[in-house]
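Colleague: Please take a close look at one part of this model for me, the nonpolar core. Walk me through what packs there.

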Amino acid sequence: MSQGHRSGLNAVSSALLAMSRQLEVRDVLKTIVASARELLDAEYAALGVPDDHGGFAQFVVDGVSEEQWRAIGPLPRQHGILAAMLHKAEPERLADVREDPRFEGWPSAHPDMSDFLGLPILSGDETLGALFLANKKCPKPQGGCGFTAEDEELLTILAQHAAIALTNARLYERSRELTIAEERSRLAHELHDAVSQKLFSLRLTAQAAAALVDRDPSRAKGELQQVAVLAAEAADELRSAVVELRPAALDEDGLVATLRTHTQVLDRAHSAEVTFESCAVRALPAAQEEAMLRVAQEALHNALRHSGAKRVGVTLARRGAGAVLRVTDDGCGFDPRGIRRAGRHLGLVSMRDRASGVGGRLTVESEPGKGTTIEMEVPGG
């Protein structure tokens, strides 16, 4: 095998491994585009996913800065060369895209492009999207295209595996939507059971206090104190449910800002001191950030509701290409082995499932009287 072929296969292998690590559709699209541009040494790469209205539902680019992309304007329509990629199951290799009769121009802020290679991403008869590459970084043959037949072959292999990665990502997102729906249903049942019982007890206790006000004021005072306790417990149950139901602002704010806001809310709502620190954390794949947030929420819930802790600390730090989350409390602690033997889990099974589901791992350190530390590590993208 020649050095060139070996290098090409290694590059394809690296690209396929990168795609296989992603679970979110948006992350898969970004990885495909970046891998294609690097694999074929192109200046620009893009991937468009069609909608049902003559446009693109998603259009991901690589090689164009954020400022350039904003200046270019709205997503492109399915016209010209773009339409050809979505409606023909064949590659297109052009020496100069501007001279093709289907070329219809581009916005003023659009970078100048010449040689072009594009092909559809197919899953059976369905066109999932189209890959476009432009401006091969190499000397161009006179009147010819910088992209070669070997480039086209490599991109075809990449597109075939991209179709599998995209299909898997879509299935994952649908599965997660079902999981979220099931979780909301569970929370609704818990909310009904827990809060309804509290409110029922609250009403009966208030009625008893009202009946005792005139004939036995001291007993009425005791009943009113119990009303205050029940009201506080009901408020805690509602607050806990609202925190779990509220959609996290991960897409807009990122994991660090979302965790900081979440801990600040809990610090105000509980008597324990709740703190948060982060150090040099990079953005992670969306699935890993969501899993980390949910594990942090579960660990904080346990610490604040069951441990009697006075201080709870949350830290998020970079570790290699990934990150490590640590939730530590100075509460009563427990024997993890005893918890398993008793059939109680304190959400540990759920947390371990969330960690392993995104390629991470969860460790629990605790002893009676010595607090608890829950650590979750994820590999990053």
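Modeller: Start with one term: a contact means heavy atoms within 4.5 Å. Keep in mind that this is a predicted model. Now take Leu316. Leaving out residues up to four places away in sequence, Leu316 touches Leu255, Val256 and Leu259. Its other partners are Phe276, Glu277, Ser278, Cys279, Val281, Met292, Ala323, Val324 and Leu325.

Leu316 belongs to the largest nonpolar core, which has 34 residues. Leu316 is among those with the most contacts inside this core, along with Leu259, Met292, Leu325, Leu362 and Met376. Which elements supply at least two residues each? The helices are H7 (250-269), H8 (286-306) and H10 (348-357). The strands are E6 (273-279), E7 (311-319), E8 (322-329), E9 (361-366) and E10 (372-378). H8 gives the most, with 10 residues.

There is also a second, separate core of 30 residues. Val25, Ala45, Leu47 and Leu133 are included in that one.

Now look at the backbone. Most residues other than glycine have a negative phi. Ala280 is not a glycine, yet its phi is positive, about 55°. Ala280 sits in the loop between E6 and H8. Is Ala280 buried or exposed? Ala280 is exposed, because its relative accessible area is 55% and exposed means over 50%.

Asn135 also has a positive phi, near 60°. Asn135 is found in strand E5, residues 126-136. Asn135 has 10% relative accessibility, so Asn135 counts as buried; the cut-off is under 20%.

Terms used. Residues numbered from 1 in each chain as written. Predicted model: local features only at pLDDT ≥ 70, side-chain atom pairs only at ≥ 80, totals over all residues. Heavy atoms only, no water. Core = buried A, V, L, I, M, F, W, Y, C linked by side-chain atoms within 4.5 Å. Buried < 20%, exposed > 50% of the residue type's maximum accessible area, 1.4 Å probe, protein only. Helix = DSSP H or I, 4+ residues; strand = E, 2+ residues; numbered from the N terminus.
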